[in-house]
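Here is a short note for a colleague coming to this structure for the first time. Please read it with the model open.

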Amino acid sequence: MHDTLLIRGAAAVVTMDAQARVLRGADILVRDGVITHVGEVPAGAAARVIDARNRVVLPGMVNAHTHSPLAFAKGCYDLANHRAALWMFQAFTGNATRDEIRCAALLNCIEMLTTGTTACIDHFPEQGFGMEQVDAVVDAYRESGMRAVVALRVFDEPYTDIYPPAGAFPPDLDARLRAAGVLEPRPTDELLALVDAAVQRHHDPAGMIQIAPAPSNPMRCSDALLVGCQALAGRRDTPVHCHLLETRVQAEIAHKRFGRSQISHLDQLGVLSDRLSAAHVIWLDDDDIPLLAQRGVVPVHNPESNVRGGSGVAPVARMLRGGVTVAIGADGSPSGGNQAMQHSLRLATIIARPQDRDVSRWVTTADALGMATRGGAAAMRQSHRIGAIAPGMQADMALYDIASPWWTPLNDPVHQFIYSETGASLREVFIAGRQVVAEGRITAFDADAVLAEAQARFAALLERNAGLLELSRRLAEASLG
Ligand SMILES: [Zn+2]
């Protein structure tokens, strides 16, 4: 018996297919989780029928850079630059139990699913980890019904970019930092072996969960680790993910270290490829953009966290016009505010406009939606399966109710989705044809229980990390400037 689903007569289907067609009054037929027809489908063709006359249908979005452990830490501070924030994150996420990891990941999933995102790259965790932590987050994604790349964050060198401008903390603080073992680099071989074991245990590029080696940031990694991650990815067919050139100081350190740009150094190592997606990518040299395009690297734009922490504005329009495929992500909730991609898409479209009077160089609404669909699919190395509503693609779709103020009257669905819709009109979500949201509520798991649990879980975690919290606040203060 085949499982069939018909989305009937949608007010609009924003396909994001090769012609970027927007179809009015179209049907979508799904068989065993895969889209088979888009357009007109004969009545009675499916077991399940959704009346979509009041719906705009979009491909499920891909949040191509988030940190699930930070879902607990939204709203924990206002004024903090990148350095200060990273120290505080250690206390917000350190020593998490299996239940806390699950709860934070599902909390992040609730935000994504109820606003139309069906897949994510989770740069996980903020801390050292073992297989127990990997199992906990993978289990959470399985429970959520979402597609995910669990990108395992590794580093074998110090986080020099978040130390004070002078390069070192006062001696008393330095001693406490050492004793706490926060952000302590681990041996290269140990990290590669751990990631490889996790890949063998959970990586399934034809299914819902992938595992990827994910250098925290190349500047916190030895060349051996970077090359090792790329080799592992080639051997096991995984993506690679990292942070890259988020702050000016990172670009400066790279120039000092290598006498060339970070991008050019990575190219010399042979680690720039279409397996690599990289978050932020703000502080580029002029020659870097053609190199990114040539090698097929996918930068992930994080507009909200980039400006909130004062890091900068990424040259997204120049990258897009230079032939680079760009994805987009919300980043962790303390930096990105929330996981509703609508905020990031709106900001991505408008953020750089005041700096350029030439309208032809502005990021368009279609560019932004492309980043959240086709761009994200490329970052996950799933372009052949997700990112568009077209025959042969997985049925990952979000349905929005046009009987809501943001869609009324229905003018241009793409402009309206980017500029007006907030996530609040989302009603149904399907992932591989499986319904995970109905009438705006999650059906895949008990979201109310997760929400009820989260408050107490974060309080317990902070209590366990009280000493670390006090230390990280002092480290954050000392790193400002
Ligand atoms: Zn990040």
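The points below take up the domains, their contact and one sheet.

1. This is a predicted model: local features need pLDDT of at least 70, side-chain atom pairs count only at pLDDT 80 or more, and totals for chains, interfaces and linings use all residues. Residue numbers start from 1 along each chain as its sequence is written.

2. The domain assignment splits the protein chain into domain 1 (4-59 + 388-441) and domain 2 (61-379). Such bounds come from an automatic or database assignment. The C-alpha centres of the two domains lie 30 Å apart.

3. At the contact, 22 residues of domain 1 meet 21 residues of domain 2. Contact here means C-beta atoms, placed from the backbone, within 7 Å. On the domain 1 side, helix 15 (413-419) is one of the elements that give two or more residues. Helix 15 gives the most, with five residues. Helices (H or I, at least four residues) and strands (E, at least two) are DSSP runs, numbered from the N terminus.

4. Four strands make an open sheet in the order 5-4-1-6, with mixed pairing. Strands pair if DSSP finds at least two bridges between them. Strand 5 (34-39) and strand 6 (48-51) are at the edges with a single partner strand each, so one side of each has no neighbour in the sheet.

5. Strand 1 (residues 4-10) and strand 4 (residues 26-31) run antiparallel, joined by five bridges. Ala10 has Ala26 in strand 4 as its bridge partner.

Methods. Two residues are in contact if their C-beta atoms, placed from the backbone, lie within 7 Å.
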